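Opening the notebook on this one. I want to go through both chains, look up folds and contacts, and jot down what I find.

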Amino acid sequence: MEKTNAIQLKNISKEYDGVKVLDHINLNIRKNEFLTLLGPSGCGKTTTLRIIGGFEQPEEGNIIFEGKDITEVPPYNRQINTVFQKYALFPHMNIFDNIAFGLKIKKMPKDEIKLKVKEMLRLVNLQGFENRSIASLSGGQQQRVAIARALVNEPKVLLLDEPLGALDLKLRKDMQIELKNMQKRVGITFIYVTHDQEEALTMSDTIVVMDGGVIQQVGTPVDIYNEPKNVFVAEFIGESNIIDGIMHDDYLVEFAGKVFDCVDKGFERMEKVDVVIRPEDLEITSVGNGMLTGVVTSVIFKGVHYEMMVKSNDMEWMIHSTIMKPVGTKIGMKVIPDNIHIMKKVMDQ
Amino acid sequence: MKMKWTSYPYILWMIIFIVVPLTLILLFSLTVGEEGGIGNLQFTLDNFKRFLDPKYIDVLWISISLALKSTAITLLLGYPMAMIIAGEKPSKRNLMILLFVIPMWMNFLLRTYAWLTLLGKNGFINYILTKLGFAPLNLIYNDRAVLLGMVYNFLPFMVLPIYSVLVKIDNSLIEAAEDLGANKLKVFSRVVFPLSIPGIITGITMVFMPAVSTFVISRLLGGGQYMLIGNLVEQQFLWVGDWHFGSAISIIMMIFILITMAITAKFDTEKEGGGGLW
């Protein structure tokens, strides 16, 4: 196991002015994976990244890098490089000198530096940009220079702190795919920080959902989306209907006044649970053919689908469907057992 | 380009207080005539030729070398100071800057006079020394006293521009350099220092110019016989009454300042924006 881990965080805690921002974080980051730290602002994801980079010291806990404790090692002695949020390119140097910065510090021969920088510029699609100034580049190009500047040092791990945040939607989507491809090509570990759940789902091998300085769930994008562990994860990743339910027995759950078949087990009898149903998993049927009936109260066109709110007894359901039912229509709703997700109730919520 | 009428007062101001005096100085420097008048002026280069006398060239040389020395000392003292202040937390930073600026609220003459009572033959320092049983030192009326006065008076003009550039350097640039393998020393030499050059240029300009033309500091701390180029100009205008020669010296001094500024600007690698006068 030890050998496949690039980085292990053991019991990491961090405080700022008495406020706990990281609370005993434990995390194994495997070699060559694309791992994303996902969460709302202030959840501790950037602090975690900065601790891995060596820019912050944890009050408690250890960082293990390839089996060695690097908690006390300063950033300039870590085989880890960072792509910063605002790129942090050196404004007094041209593109070549920016990318060559790390290599020059290592006193690599000049010819070799030239070759490596050229290779990097090809990798990020900026051939011939050596002598351009930073100010003459667009945001997307600056981003790619920042990535080249980090990757040219051949780090074992690349840290990326919301690197696409400043780019427009189209460019961001392109860069997401480009980054993912780049990670596969260079074959190193990427640790990526973002608050954009869609970005996380698109790029990651593993997603770490964080909130309040605590890891909420670790898993593949499919796991996280389909089997959220708690209300926070369910609400943060995608849209969802979250309702109170009671487990009658294994594979039997009661909510909205009815008992439904489901695929979850292992709860106590009559245990109170949270039930998550994704809006796209609710099917519209004719009245009487569904498990629930309700009246459409609002319709919003979202491009690929319509988002409809449906009132059923005292509950409001969100449905995503390509079929539009006008406001006031009485409809039936159906959900297959596979799409009913049961989560343990968190006591303090 | 059409000028807006709102700019007229400023243009008038500039004509009255800048263009006219400079033109007059230039005119006086190139002519000889009656004292203080502008009638019967005869054009000549004699005023400039007169300055070539070794005793005047000497004064120019001493002035420039003293100004260069004080600029160098303020830079060596001021840069680390600016770095220390810029490295503090914002609240402490502002307090330190305030402490730095408070002496500047006092009159320049008063501040310089204060040094007289500190350095004088019967001044505070010598009083302490004699009380401790040492022989009193000759602290005043020499080059070192003038230099001290210059450094003391002009230090804030070096610290403040460097500080304001340092404080604006994005911390992520420093972190990026560390991330790429640079230790503290390399971070300074490759990132912080190059980025602070515009502040250094401004600081040098703001110290060198008043230092080379000062006559108050040299008069008070150098004594009545002490002659810098500023004193020479003052003497020609106020005591000798030769406005023509005084003007010529002023023009020569201006040319020297312009040359020095042009040289310092050459070191400013950042072409865009520019921090100095050029």
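**Entry 1: what I'm looking at.** This is a predicted model, so I keep in mind that local features need pLDDT of at least 70. I start with chain B, then move to chain A.

**Entry 2: chain B overall.** I get 12 helices and 2 strands for chain B. Reading from the N terminus, the order is α-β-β-α-α-α-α-α-α-α-α-α-α-α. I boxed the C-alpha atoms along the principal axes and got roughly 75 × 75 × 35 Å. Of the 278 residues in chain B, 41% are buried. I also looked at contacts with a separation of 6 or more: 65% of them in chain B join residues 24 or more positions apart. The accessible surface of chain B is about 16200 Å², and carbon and sulfur atoms hold 72% of that.

**Entry 3: H3 against H4 in chain B.** At what angle do H3(B) and H4(B) pack? Helix H3 (residues 54-86) and helix H4 (residues 90-105) of chain B pack at about 145°, and their axes are 9 Å apart. From H3(B), the residues in the contact are Met81(B), Ile84(B), Ile85(B) and Ala86(B), and they meet Arg93(B), Met96(B), Ile97(B) and Phe100(B) of H4(B). I sorted the residues of this contact by type and found 7 nonpolar, no polar and 1 charged.

**Entry 4: a serine in H3(B).** Staying in helix H3 of chain B, I picked out Ser63(B). Buried or exposed: which is Ser63(B)? Ser63(B) is buried, because its relative accessible area is 0% and the cut-off for buried is under 20%. What does its side chain find there? A polar atom of the Ser63(B) side chain sits 2.7 Å from the backbone nitrogen of Ile229(B). Leaving out residues up to four places away in sequence, Ser63(B) touches Val212(B), Leu228(B) and Ile229(B).

**Entry 5: H11 in chain B.** Ile229(B) sent me on to helix H11 (residues 229-240) of chain B, where Ile229(B) is one of the buried residues. The others I noted as buried there include Gly230(B), Asn231(B), Leu232(B), Val233(B), Glu234(B) and Gln236(B). Which helices do the buried residues of H11(B) pack against? They pack against helix H2 (46-51), H3, helix H9 (184-213), helix H10 (216-222) and helix H12 (243-267) of chain B. After H11(B) comes Gly241(B), with a positive phi near 80°.

**Entry 6: the open sheet in chain A.** On to chain A, where I traced an open sheet of 6 strands in the order E6-E7-E8-E3-E9-E10, with mixed pairing. Strand E6 (80-83) and strand E10 (214-219) of chain A are the edges, each pairing on one side only. From one strand to the next, the twist averages 20°. Inside that order I checked strand E3 (residues 34-38) with strand E8 (residues 189-194) of chain A: they pair parallel over 5 bridges. One of the bridge pairs is Phe34(A) with Phe190(A) in E8(A). Helix H5 (residues 169-186) of chain A packs on the sheet, touching E3, strand E7 (157-161) and E8 of chain A, and its direction makes about 160° with that of E8(A).

**Entry 7: E11 and its partners.** Strand E11 (residues 241-249) of chain A pairs antiparallel with strand E14 (residues 271-277) of chain A over 7 bridges. Asp244(A) has Asp274(A) in E14(A) as its bridge partner. E11(A) also runs antiparallel to strand E12 (residues 252-255) of chain A, with 3 bridges joining them. There, Asp249(A) is opposite Leu252(A) in E12(A). The hairpin of E11(A) and E12(A) has 2 residues between the strands, and Tyr251(A) takes a positive phi near 65°.

**Entry 8: H1 and a buried lysine in chain A.** Why do I call helix H1 (residues 45-53) of chain A largely enclosed? Because 7 of its 9 residues are buried. Among them are Lys45(A), Thr47(A), Thr48(A) and Ile51(A). Gly54(A), just after H1(A), has a positive phi of about 95°.

Next I looked up Lys14(A), which lies in strand E1 (residues 5-16) of chain A. Lys14(A) is buried, at a relative accessible area of 8%. A polar atom of the Lys14(A) side chain lies 2.9 Å from the backbone oxygen of Gln57(A). Lys14(A) also links back to H1(A): beyond four places in sequence, its contacts include Thr47(A) and Ile51(A), both of them among the buried residues of H1(A).

Technical notes: Residues are numbered from 1 along each chain as its sequence is written. Chains are lettered from A and ligands numbered from 1 in the order in which they are written. Side-chain values use heavy atoms; hydrogens and water are left out. Axes are lines fitted to C-alpha atoms, for helices over the stretch in contact, and angles run from 0 to 180 degrees between N-to-C directions. Helices (H or I, at least four residues) and strands (E, at least two) are DSSP runs, numbered from the N terminus. Contact means heavy atoms within 4.5 Å. Ala, Val, Leu, Ile, Met, Phe, Trp, Tyr, Cys and Pro count as nonpolar, Asp, Glu, Lys and Arg as charged, and the others, Gly among them, as polar. Two strands pair if DSSP finds at least two bridges between them. Buried means under 20% relative accessible area, exposed over 50%, partly exposed in between (1.4 Å probe, protein chains only). Accessible areas come from the Shrake-Rupley method with a 1.4 Å probe; for residues, only the protein chains shown count as cover. A polar contact is a pair of N or O atoms within 3.5 Å; within protein, one must be able to donate a hydrogen and the other to accept it, and residues adjacent in sequence count only if both atoms are side-chain atoms.
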